[in-house]
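The paragraphs that follow lead through parts of a predicted model, beginning with strand pairing and moving on to residue packing.

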Amino acid sequence: MKFKTLLKKSWLINFLFIMLFSLFSINVSADNCTETASASGYDSDPVTVTINSFPCVGTDIITAVTLDATIGNYCTSYYWYSYDIIVNGTTVVTGQCNQTGFDLTPYLPITSVAIQSNDEDNYSDNVTLNLTLNITHEAPPVCTDVFSASGYDSDPTVASTTTFPCTAGGTIIGMTMDATIGNYCTSYYWYSYDIIVNGTTVATQQCDQTGFDLTPYLPIT
């Protein structure tokens, strides 16, 4: 029993969990946006271009990414230079030339994408690396789970859950909690409750409230 609340007179305590979750099998509308970056220098330096933030996505979930990149005309025709593709700090492919639509989706979740030049002819050539990420993203679905318990505060009464059925197996990426215990919490302070997440008390002496953010404690078991 990893998520619970403890009551500190007899009353009913109610909890409403509002969750953002990712479940890619459901039908939701997707949007597309791009992030771009470029840099110039000598291929032998090497030149590196990195994208490690995706502001065009906002708070959405990234569901697919493709890469477009260019380095110069003498990559394909004379092979003076090339570039490597680095995802999340790991080189995933080497010796690339100008290309479009390289699929990065298998590497999700992505925190950074970089391309880095190679000197292929043992002569320092001036290059400009251009990197574009084509991102498909969608707003996470939202659902709620509700549970309650009643008893004496001195027992104490525990309302708890270890599962969130409304997510249907999706990955929870955000959660807030609304909770009530009764009118005599705020007005006379007869009772209160503590919030315990994953076995650790994260808040004490709480009264009726909405929007208590549990996201920092994910994953919740």
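A convenient place to enter this predicted model is Ile51, whose bridge partner in β9 is Val113. That bridge joins two strands, for β4 and strand β9 (residues 113-119) pair in the antiparallel sense over 4 bridges. Both belong to an open sheet of 4 strands, arranged in the order β4-β9-β6-β7 with antiparallel pairing. At its edges lie β4 (48-51) and β7 (90-96), each of which pairs on one side only, and neighbouring strands of the sheet are turned against each other by 20° on average, direction ignored.

From the sheet the reader can turn to the packing. The largest nonpolar core has 27 residues, of which Leu67, Leu104, Ile115 and Leu133 touch the most other members. At least two residues of this core come from each of β4, β5 (61-70), β6 (81-87), β9 and β10 (126-138), and β10 gives the most, with 5 residues. Leaving aside residues up to four places away in sequence, Leu104 touches Val65, Thr66, Leu67, Ile85, Val87, Ile110, Val113 and Leu133. Val113 among these contacts is also the bridge partner of Ile51. Apart from this core lies another, of 15 residues, which include Val197, Ala203, Cys207 and Leu214.

A last stop is Gln209, found in strand β16 (residues 209-213). Is this polar residue buried or exposed? Gln209 counts as buried because its relative accessible area is 18%, under the 20% cut-off. Its side chain makes a polar contact with the side chain of Tyr193 at 2.8 Å, and, not counting residues up to four places away in sequence, Gln209 touches Met177, Asp178, Ala179, Tyr193 and Ile195.

Notes: Residues numbered from 1 in each chain as written. Predicted model: local features only at pLDDT ≥ 70, side-chain atom pairs only at ≥ 80, totals over all residues. Heavy atoms only, no water. Buried < 20%, exposed > 50% of the residue type's maximum accessible area, 1.4 Å probe, protein only. Polar contact = N/O pair within 3.5 Å; in protein donor to acceptor, adjacent residues only side chain to side chain. Contact = heavy atoms within 4.5 Å. Pairing = 2+ DSSP bridges. Axes fitted to C-alpha atoms, helices over the stretch in contact; angles between N-to-C directions. Core = buried A, V, L, I, M, F, W, Y, C linked by side-chain atoms within 4.5 Å.
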